[in-house]
Amino acid sequence: KRPIVFFDLETTGIKISKDRIVEIAILKIFPNGNKESKTWLVNPTIPIPNEVIAIHGITDKKVEKEPTFNTIAPKIYNFINNCDIAGYNSNKFDIPLLAEEFLRADIDFNIKDIKTIDVQNIFHKLEQRTLVAAYKFYCNKDLINAHSAESDTLATYEVLLAQINKYEELENNVDFLAKFSERGGKFVDMAGFIRYNKNGEEVLSFGKYRDITLAQIWEENPGYFSWISQADFPIYTKNVMNNFATKMKLTKKFNT
């Protein structure tokens with residue numbers, strides 16, 4: 001019904017609140033089947049650890065003269081705006097980290113009206129393998145240059161097409177695939193700290209208030225919201241909590 005973008009990130013690490021993007025590749029598929037792709041190297045403005053360089057091969061020197069994410073954020077946002085999103089392990093990592101980078105660049109990136117398809121979740125539900133094995137299993141191809149964002153992005157797109165062709169239970173429909181690739185329910189934030197329960201209420205998915213609604217936490221311990229806003233959580237998660245606290249304060253104000 002609208003374009004869908006497959007994307008992959010190479011980063012300085014795996015901590016959403018602290019790490020940065022060093023490469024982003026995006027493959028945009030239009031409803032008529034046309035494709036458009038873009039790849040950017042990014043100066044993360046922080047050192048890239050040696051153990052991470054060993055994985056993707058991107059060194060500090062390679063990106064020292066590349067633009068920062070803040071510089072290219074508007075281009076990336078315009079390229080993916082009003083598109084659905086797909087990736088490999090994207091619901092848990094790539095989308096939350098991309099959102100974090102956008103928020104640092106003062107761009108209000110929101111997935112509320114976006115369908116997200118996580119090809120890894122589909123794969124793990126049905127076969128339980130890595131991307132390299134998925135590419136071999138579904139496409140009968142060896143993934144050359146694994147951990148190159150561009151190669152991984154194209155492989156992810158090809159794997160999803162092969163999955164749709166292989167499994168009768170999969171529909172070639174973004175709404176269906178987005179729902180099928182969810183794990184642990186639908187998340188309110190992007191990092192999975194807040195999700196919806198079966199009644200559609202926001203609940204925490206961690207800690208001492210796991211599975212407790214935000215409304216109940218607010219009634220019992222409103223200071224917990226302040227703690228999260230000061231602790232080491234992604235900006236998007238903090239925004240969800242702060243917005244909920246604001247809503248509760250306004251509700252109380254106008255009901256008294």
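Ile-76 touches Ile-24, Ile-26, Trp-40, Phe-69 and Phe-102, when residues up to four places away in sequence are not counted. This isoleucine lies in helix 3, and it is buried, because its relative accessible area is 0%. The model in which these contacts appear is a predicted one, and every value below should be read with that in mind. Some parts of the chain are well separated from this residue: Ile-76 and Glu-202, which are 126 residues apart in sequence, stand 30 Å apart in space, from C-alpha to C-alpha.

From helix 3 we can follow the chain onward into the loop that connects helix 3 (69-80) to strand 4 (84-87), where Asn-82 is found. As background, most residues other than glycine have a negative phi. Asn-82, although it is not a glycine, has a positive phi of about 65°. Is Asn-82 buried or exposed? With a relative accessible area of 55%, Asn-82 is exposed, because the cut-off for that word is over 50%. A second asparagine, Asn-89, is placed in the loop between strand 4 and helix 4, and its phi is also positive, near 65°, in a residue other than glycine. Asn-89 has a relative accessibility of 22% and therefore counts as partly exposed.

After this loop comes helix 4, and here the surroundings can be described for the helix as a whole. Of the 15 residues of helix 4 (residues 90-104), 13 are buried, so this helix is largely enclosed by the rest of the structure. Helix 4 is followed by Asp-106, whose phi is positive, near 65°.

We turn next to the aromatic rings. A pair of aromatic rings is described by the distance of the centres and the angle of the planes. The structure holds 16 aromatic pairs. One of them is formed by Phe-123 and Tyr-138, whose rings are 5.5 Å apart from centre to centre, with 65° between the planes, an edge-to-face arrangement. This pair links distant parts of the chain, since Phe-123 belongs to helix 5 (residues 119-126) and Tyr-138 to helix 6 (residues 131-139), and the two are 15 residues apart. Both Phe-123 and Tyr-138 are buried. Tyr-138 also forms an edge-to-face pair with Phe-137, at 4.9 Å from centre to centre and with 85° between the planes. How do the two partners of this second pair stand with respect to the surface? Tyr-138 is buried, because its relative accessible area is 12%, whereas Phe-137, at 38%, is partly exposed. Elsewhere in the chain, Phe-193, Phe-206, Tyr-209, Tyr-224, Trp-227 and Phe-233 form one aromatic cluster.

Rings can also have a charged group over them. The charged end of Lys-28 sits over the ring of Phe-79, 4.9 Å from the centre of that ring, and Lys-166 lies over the face of Tyr-167, at 5.8 Å from the ring centre.

Phe-123 leads us back to helix 6, where Ala-134 lies. Ala-134 is buried, because its relative accessible area is 0%. Leaving out residues up to four places away in sequence, Ala-134 touches Phe-123, Arg-129, Cys-139 and Val-159. Ala-134 and Ala-155 are 21 residues apart in sequence, and their C-alpha atoms are 9.0 Å apart in space.

The last step is to see how helices pack. Two packed helices are described by the angle between their axes and the distance between the axes. Helix 5 and helix 7 (residues 149-166) pack at an angle of about 45°, and their axes are 10 Å apart; the two helices are therefore oblique to each other. Their crossing is left-handed. The contact is made by Val-119, Ile-122 and Phe-123 of helix 5 together with Thr-156, Val-159, Leu-160 and Gln-163 of helix 7. Helix 10 (residues 223-230) and helix 11 (residues 235-254) pack at an angle of about 150°, with 9 Å between their axes. Helix 10 and helix 11 are therefore roughly antiparallel to each other, and their crossing is left-handed. Here Phe-225, Ile-228, Ser-229 and Gln-230 in helix 10 meet Lys-238, Met-241, Asn-242, Phe-244 and Ala-245 in helix 11.

Key: Residues numbered from 1 in each chain as written. Predicted model: local features only at pLDDT ≥ 70, side-chain atom pairs only at ≥ 80, totals over all residues. Heavy atoms only, no water. Phe/Tyr/Trp six-rings, centres within 6.5 Å; stacked < 30°, edge-to-face > 60°. Helix = DSSP H or I, 4+ residues; strand = E, 2+ residues; numbered from the N terminus. Buried < 20%, exposed > 50% of the residue type's maximum accessible area, 1.4 Å probe, protein only. Lys NZ or Arg CZ within 6 Å of the ring centre and 35° of its normal. Axes fitted to C-alpha atoms, helices over the stretch in contact; angles between N-to-C directions. Parallel < 35°, antiparallel > 145°, perpendicular 65-115°, else oblique. Left-handed = near helix turned anticlockwise from the far one by under 90°. Contact = heavy atoms within 4.5 Å.
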